[in-house]
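Here are some notes for your reading of the model, set out as numbered points. Please keep the structure open beside them.

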Amino acid sequence: MVTLAKDTPSPFAPSNDEVKMDEPKAKKEATPAKDKKGGKPEKAEKTPEPEIKPVKIDIEGIQQRIIEIPVDAGNYRNIWSVEDKIYYNTSNDKGRFAKVYDLKKKKETELGTNISFDITADGKKMLVRQKNKFSMIDLPSAKINTDEYIDLSDLKIWVDNKQEWKQIYDEAWRQMRDFFYMPTMHGLDWPAMHDKYAVMLPYVNNRNDLTYLIGEMIAELSVGHSYVSGGERKPIVRIDLGLLGAQLSKDASGYFRIDSLLQGANWSKELYSPLTQVGVGAKKGEYITSVNGKTTKDMPDIYTSLINNADKNVELTLNSLPAEGGRKVLVVPVSDESKLYYYNWVQNNIRKVDEATNGEVGYIHIPDMGPEGLNEFVKYFYPQLAKKALIIDDRGNGGGNVSPMILERLTREIQRSNMARNVEQIGHTPTKLMLGPKVLLINGYSASDGDLFPYGFEKYHIGKVIGKRTWGGVVGIRGSLPFVDGADLRKPEFASYSADESKWIVEGYGVDPDIEIDNDPSREYAGIDDQLNKAIEVILEELKSYKEQPAIPTPPDKSK
């Protein structure tokens, strides 16, 4: 807390407990005079309303008036001050709490766990939310105990959709006006843009129409990261199809043949491949002859028997021959095979690079510049540090904001080498760095922070960039401001420009590769990755001139 005025005392100031002997006596309040007849006193005049006084703030020395409130470390939010009490939510490694701190008693009290709240403007009442139930209670000073909840079961509200859609449209236009990174609005007459598309508002008849209309309006800004989505729509009920992590084909016999299996990291809940699980042991070339006891021979499509069977136990009969019978196994189909396909693609690229370079070059694909991309980088960077060189793959990168962290790791320079007795591997300071040459792969789907990553890769001269020009969208976004129906609008709010000259970078163009090469779709479908092959060719050529770090020196002789 901060005391705004110099003369405001600290609630935690030392107190003097000495007895003061000469305290002045309090004056008695004057008794209202009675009227001449000895009756009731004359009616007092109405006390005037107190004047609202301005808040006094003494800027000088304010940094010395910062006071720590003695509470545990944690994440504090939803902070309210009511007279001498402070109410707040906090979370730490022990849980999530609502608490109150009494400045007079200098004491913190827990109000409850997993509670969120609001306090009324007069500071008298608290609206409490717990387990999606709401209660209105007197402002508490101790643990909240209530079993009386507001009945919201029949709460309904009339909505005039036409008026609401107009308000949302106007609000989207205003938010762009007020938060777009460049107040010149890229040279557009922004009020004219409002009117240009507003003529279509009377013809908007559902939420999808409105989203389309707003999308057309903000598209006039001609910038990446300008998005609109969400809002109140009738929910679509999805029925998941059970998928087996395999490619199947219908044999002439009528049964379904396993043509290939997607390998999984079966210890992971997200990457397990159903037919390769322990105890199933399906093999390429085997036949699935029945699903849950029903023969597949007469099924036009085996997946009709797996509708609504994702994440459920399913009994399959597997046979090495296209005939009835075989061994019965239980599998749990997945609802999405995309992560398995991605995992197999990465593993196949690692194998290709390893085989083509005799194990001397590592490979890392970074799918985005968020948590998943950072996890993938960490997962594959450190185990491959013993290799001599590295191919980093930024193709299809969905963006985020962690590229500076990855670039910092790739630009580390060796200060000294280290050795220890009985340790074969030579160490380095700083640790965890790749000393050898590096190349980077990009394409038109390297986007956002996936654009800025190759920009930094070239800026720091880390290595050659190979592939096709990147997407070109780097004006950044934050979260959406609220809309009445929960819509989401992303407003490009901050941009990068060159550190060398006054010049905008990347946005609307992208980053050019040093070596341009495209992947022919038909060759790529056949498993031929010309961009990756070029990266292997370049990195092997660079390894020819790579200078190894010096060996351990001759042992010092200090006997002389």
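1. The model is a predicted one, and a good place to begin is an open sheet of four strands, which are ordered S1-S2-S3-S4 and pair in an antiparallel manner. Its edges are formed by strand S1 (75–82) and strand S4 (107–113), each of which pairs on one side only. From one strand to the next, the twist averages 25°.

2. Within this sheet, strand S3 (residues 95–102) and S4 run antiparallel and are joined by six bridges. If you wish to follow the pairing at the level of residues, Asp-102 is the one that stands opposite Lys-107 in S4.

3. The structure holds nine aromatic pairs. In one of them, the ring centres of Phe-12 and Tyr-101 lie 6.2 Å apart and the ring planes meet at 55°, so the pair counts as tilted. This pair links distant parts of the chain, since Phe-12 belongs to the segment before S1 whereas Tyr-101 belongs to strand S3, 89 residues apart.

4. Are the two partners of that pair buried or exposed? Phe-12 has a relative accessibility of 24% and therefore counts as partly exposed, while Tyr-101, with a relative accessible area of 2%, is buried. The cut-off that matters for this reading is 20% relative accessible area, under which a residue is called buried.

5. Elsewhere, one aromatic cluster is formed by Phe-180, Tyr-181, Tyr-497 and Trp-504.

6. Two lysines are placed over aromatic rings. The charged end of Lys-99 sits over the ring of Phe-97, at 5.1 Å from the centre of that ring. Lys-133, for its part, lies over the face of Tyr-149, and here the distance to the ring centre is 5.1 Å.

7. Where is Gly-396 found? Gly-396 is in the loop between strand S16 (389–393) and helix H6 (403–410), and its relative accessibility of 39% is the reason why it counts as partly exposed. When residues up to four places away in sequence are not counted, Gly-396 touches Pro-367, Asn-443, Tyr-445 and Ser-446. By contrast, the C-alpha atoms of Gly-396 and Phe-117 are separated by 43 Å, these two residues being 279 residues apart along the chain.

Key:
Residues are numbered from 1 along each chain as its sequence is written. This is a predicted model: local features need pLDDT of at least 70, side-chain atom pairs count only at pLDDT 80 or more; totals for chains, interfaces and linings use all residues. Side-chain values use heavy atoms; hydrogens and water are left out. Helices (H or I, at least four residues) and strands (E, at least two) are DSSP runs, numbered from the N terminus. Buried means under 20% relative accessible area, exposed over 50%, partly exposed in between (1.4 Å probe, protein chains only). Contact means heavy atoms within 4.5 Å. Two strands pair if DSSP finds at least two bridges between them. Axes are lines fitted to C-alpha atoms, for helices over the stretch in contact, and angles run from 0 to 180 degrees between N-to-C directions. Rings of Phe, Tyr and Trp (its six-membered ring) pair if their centres lie within 6.5 Å; planes under 30 degrees apart count as stacked, over 60 as edge-to-face and the rest as tilted. A charge sits over a ring if NZ of Lys or CZ of Arg is within 6 Å of the ring centre and within 35 degrees of the ring normal.
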